[in-house]
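Got your viewer open? Let's walk through this one selection at a time.

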Amino acid sequence: MHFRSLTRSKLARAGVVLGVVATAVIVTGNPASAAVPLTIVPATGPAASANGPTVTINTTTAVFSGTPTVSFQLAGTAVPATPQVAAAPPTSLNGCWPSYAANITPTTAAAAGVVNSTSVAMFSSTKLYVKVPSLPIVGTAPTKYNVCVYAGADPWVSAVAPGSALLANLSSGYSVSAAAQVTSVSPASGPARGGTPIVVTGTGLTGATVTLGGVSMTPTIASDGLSFTAVTPPHAADGQPVTLSVTTAGGTVNKTGAFTYSNGINVSPSTMPKVQAGTGRVIEITGVGFSSLNPQNTAGGTTPDTLGAHVFLSRGAYNSATVAGHKTNAQMTECSDVLVMNDGLLICKVNMVPFTRTATDVTVASTTITSPTANFTQADVGLAITSSVTATAGPGVIAASTTIASVQSPTSATLSAAGTNGLVDLVTIASTRTIASGTTATTGGVTTLAAAVGTGLFTNADIGRMVNNTGVYITSITDTDTAVLSGPLATDLSSASTVLKNVLPDGAYVVTVVNDGRLNAVASNPNYNQSVISSGSTFTVGDYVITS
């Protein structure tokens, strides 16, 4: 076995100049029937390509030796003449010329619709590697060419004996088409989980196979070949646009920067009825890249601002950037029991009860408390607030059994009792408040919660709070000692300790998966990543009937 390569001196010598008036008499030699059949892989390629593909030619009979010539001859229905006459326009033949004479020149060959390869490498007596020359489209694409292998070198080199014999041939064995063109991709972005329908427009798209970012898609191609639709596959979201590759008989074309993947997710189910407030609801989150996450909140939901992955629920877009010492838009609660199933799926439990939270850099001035990190809301009214003593604690102290009486702004609130003026390093804000003695009763279909006289201290801030983790919540306030509930309890309370828990208010929330829950992680962590807002990332709390 040996490997021998022959490269012609100039590619232009084999160029086609259709329309040149020329004639040549071809001296016939061995009949075409003496040649053996061949196979060629691939059998299609781009038209008029200065850098055509390399194909493999095989035979089952050992016929190759020396430096054979490989000729591509325009295919058609005409029978090769004896002697063969080259004419303009070229004659389309149903088979290879039976022999190839030495008096043919590049010009007369071109006039006959014949182009010879300028690079042939013989691997063995049954295998050739051939560089396909630039083959034009004649008439309507695809244009077919007979593949013909002749004995001897380039037949228009003087050293070749006249009447080079046809060794192997395949009628209409190779076809060329114009390369596809891609003009637009719409939309140009979508979530990393995939599933985005896109429309691609261009020309020559018939029969296309398609990849996006190196991943195959299944196109639905219009009958005119001017467009196709497809659905994007999953792909990691790294912010870099990916390439759309379209392969047809005319070759492969690449549209760089065709599509950008964003870190989108999809939440299912996407609603939670308040009757599940006591137990929470397990949800599935689909996306891409979950296998690299290290969930920190696997049970409990009490450490939301730590390094590591979290699943947060927020009003609007979650934003960890620092503003006055706190998150620009912090989470209201987070998923607990986070479990990564695979790279595209995680499950967790949405908790209706916001976690106990802390605030730092607190200043106490009698009954006024201020903190840039508190994020006070009206839902804090009535909740207990305590100060922690640390090694660096200032002189400020919050009195025992103090609650938040009112909220003026996200950074300022009024306390139920005056404290000791000064700085406090850390305060803790509870997520529940307790009524020492509560009694429930249902009359005429209306259930009420009554506290011992003077102990209820009910305010509108209690509306929506859950009673004893039952899923029953306060819907309205009758007076400071009486509240109306959303329904009866399974077992009525009778002068019993009653815990009122904050639950997420009705409305829509954005579910966000982050790889770092710390304050200002978006700026401090160069590898920070969070999912983006989409229709699939919305989770809604309300008075729904459970359907699943």
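A disulfide here is a pair of cysteine sulfur atoms within 2.5 Å. Keep in mind that you are looking at a predicted model, so every distance and angle on this tour comes from predicted coordinates.

**Stop 1: the disulfides**

By that cut-off, the count comes to two disulfides. Select C96 and C148 to begin. Their sulfurs sit 2.0 Å apart, and a disulfide joins the two residues. Which hand does the C96 and C148 disulfide have? The torsion about its S-S bond is about -90 degrees, so the disulfide is left-handed. Now colour by secondary structure: C96 belongs to the loop between strand 8 (84–86) and strand 9 (99–100), while C148 is in strand 13 (residues 143–150), so the pair ties together parts that are 52 residues apart in sequence. Buried or exposed, what is C96? With 2% relative accessibility, C96 counts as buried. C148 comes out at 0% and counts as buried too.

Next, select C335 and C348. This disulfide has an S to S distance of 2.3 Å. Look down the S-S bond of C335 and C348: the torsion is about 50 degrees, so this disulfide is right-handed. The pair links distant parts of the chain, with C335 in strand 30 (residues 333–342) and C348 in strand 31 (residues 345–350), 13 residues apart. Switch on a surface and you'll find C335 buried, its relative accessible area being 0%. C348 is buried as well, at 2%. Counting bonded cysteines along the chain, the disulfides follow the pattern 1-2, 3-4.

**Stop 2: aromatic rings**

On to the rings. A pair of aromatic rings is described by the distance of the centres and the angle of the planes. How many aromatic pairs does the structure hold? There are four. One of them is F72 with Y174, an edge-to-face pair with 5.7 Å centre to centre and 70 degrees between the planes. Zoom out a little from these two: F72 lies in strand 7 (residues 69–78) and Y174 in strand 14 (residues 164–177), so the pair ties together parts that are 102 residues apart in sequence. Both F72 and Y174 are buried.

Then pick F259 and Y261, which also form an edge-to-face aromatic pair: the centres are 5.1 Å apart and the planes make an angle of 70 degrees. F259 has a relative accessible area of 0% and is buried. At 4% relative accessibility, Y261 counts as buried.

While ring centres are on display, select R315 and Y509. What lies over the face of Y509? R315 does, at 4.3 Å from the ring centre.

**Stop 3: a serine in a loop**

Now select S117. You'll find S117 in the loop between strand 10 (114–116) and strand 11 (119–124). At 1% relative accessibility, S117 counts as buried. Add K131 to the selection and show its backbone: the backbone oxygen of K131 lies 2.7 Å from a polar atom of the S117 side chain.

**Stop 4: an open sheet**

Go back to cartoon view for this one. Five strands form an open sheet in the order 16-23-22-18-19, with mixed pairing. Which strands stand at the edges of this sheet? Strand 16 (189–191) and strand 19 (215–217) do, each with a single partner strand, so one side of each is left without a neighbour in the sheet. On average, neighbouring strands of this sheet are turned by 35 degrees against each other, direction ignored.

Within the sheet, isolate strand 18 (residues 209–212) and strand 22 (residues 242–248): the two run antiparallel and four bridges join them. To see one of the contacts, pick V210, whose bridge partner in strand 22 is V246.

**Stop 5: around strand 43**

Last selection: strand 43 (residues 496–501). Strand 38 (residues 432–443) runs antiparallel to strand 43 and is joined to it by five bridges. Click on T432 and then on its bridge partner in strand 43, K501. Strand 40 (residues 466–467) also runs antiparallel to strand 43, with two bridges joining them. To find that pairing, select V467, which stands opposite L500 in strand 43. If you show side chains here, a general point helps: in a regular strand the side chains alternate between the two faces of the sheet.

How values were computed: Residues numbered from 1 in each chain as written. Predicted model: local features only at pLDDT ≥ 70, side-chain atom pairs only at ≥ 80, totals over all residues. Heavy atoms only, no water. Buried < 20%, exposed > 50% of the residue type's maximum accessible area, 1.4 Å probe, protein only. Polar contact = N/O pair within 3.5 Å; in protein donor to acceptor, adjacent residues only side chain to side chain. Phe/Tyr/Trp six-rings, centres within 6.5 Å; stacked < 30°, edge-to-face > 60°. Lys NZ or Arg CZ within 6 Å of the ring centre and 35° of its normal. Pairing = 2+ DSSP bridges. Axes fitted to C-alpha atoms, helices over the stretch in contact; angles between N-to-C directions.
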